[in-house]
Amino acid sequence: LLVAVAVASYAAALLGGAAGWVLARRRDVSLLFALVLAAQLLPSIVTFSMSRFRVPAMLFFLLGSAVLAVHRRRDWAEASPRRRSVAVVLAALLLALMGLDYDSVLHSSGH
């Protein structure tokens with residue numbers, strides 16, 4: 001049960017954060033968010049083929065989730081159809097990527 005709660009919380013933060021930053025009115029902050037994440041995650045993805053050092057990036061996803069939770073209706077209404085579709089496609093892509101490796105959640109990482 002605790003694993004399910006932890007995974008659901010992670011998924012909610014990741015999906016909500018990504019969508020929140022795409023829909024945010026401050027595009028300059030959203031771009032900075034994307035650059036910091038790319039600088040932090042891409043080296044480990046290229047080197048190890050996994051985002052194993054993603055924990056510090058969760059702060060940005062949590063902030064994006066908070067932006068989405070507070071301003072979701074207004075940001076959705078003010079966003080262009082293109083930005084709306086980018087937010088939905090990005091959330092769906094991240095959900096699909098999480099689904100590719102869902103069974104590894106139950107395996108020990110110490111082996």
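## Contacts, burial and pairing

Q: What does L23 touch, and what makes these contacts?
A: Not counting residues up to four places away in sequence, L23 touches L68, D75, W76, A79, R83, R84 and A87. Contact here means that heavy atoms lie within 4.5 Å. The model is predicted, so local features need a pLDDT of at least 70 and side-chain atom pairs count only at pLDDT 80 or more, while totals for chains, interfaces and linings use all residues. Residues are numbered from 1 along each chain as its sequence is written, and side-chain values use heavy atoms, with hydrogens and water left out.

Q: Why is L23 called buried or exposed?
A: A residue is buried when its relative accessible area is under 20%, exposed when it is over 50%, and partly exposed in between (1.4 Å probe, protein chains only). L23 has a relative accessibility of 3% and therefore counts as buried. Its C-alpha atom is separated by 8.8 Å from that of V86, although the two residues are 63 apart along the chain.

Q: How do you know which secondary structure elements the protein chain has?
A: Helices (H or I, at least four residues) and strands (E, at least two) are DSSP runs, numbered from the N terminus. By that rule the protein chain has four helices and zero strands, and read along the sequence it follows the pattern α-α-α-α. L23, for example, lies in helix α1, whereas S65 lies in helix α3, residues 58-78.

Q: Why is S65 placed in its burial class, and what is it in contact with?
A: The relative accessible area of S65 is 17%, and S65 is therefore buried. Leaving aside its neighbours within four places in sequence, S65 is in contact with A12, A13, G16 and G17.

Q: How do you know that the span of helix α2 is close to the expected one?
A: The expected span is 1.5 Å times one less than the number of residues. Helix α2 (residues 27-48) has 22 residues, for which 32 Å is expected, and α2 reaches 31 Å from its first C-alpha to its last.

Q: Where does α2 bend, and how is a bend defined?
A: The bend at a residue is the angle between axes fitted to the seven residues ending there and the seven starting there. For α2 this angle is about 35° at L41, and a proline, P43, follows within four residues.

Q: What makes a set of residues a nonpolar core, and which residues have the most contacts inside the largest one?
A: Such a core is a set of buried Ala, Val, Leu, Ile, Met, Phe, Trp, Tyr and Cys residues joined through side-chain atoms within 4.5 Å. The largest has 14 residues, and those with the most contacts inside it are F33, L37, A57, F61 and L94. The helices α1, α2, α3 and α4 (81-100) each supply at least two residues of this core, with the largest share, five residues, coming from α1. In α2, the buried residues S30, F33, L37, L41 and S44 pack against α1 (2-23) and α3.

Q: Why is the pair of R25 and D75 called a salt bridge?
A: A salt bridge is a side-chain nitrogen of Lys or Arg within 4 Å of a carboxyl oxygen of Asp or Glu. The closest N and O atoms of R25 and D75 are 3.3 Å apart, which meets the rule, and the count comes to one salt bridge. R25 lies in the loop between α1 and α2 and D75 in helix α3, 50 residues apart.

Q: What makes the burial classes of R25 and D75?
A: R25, at 48% relative accessibility, counts as partly exposed, whereas D75, with a relative accessible area of 3%, is buried.
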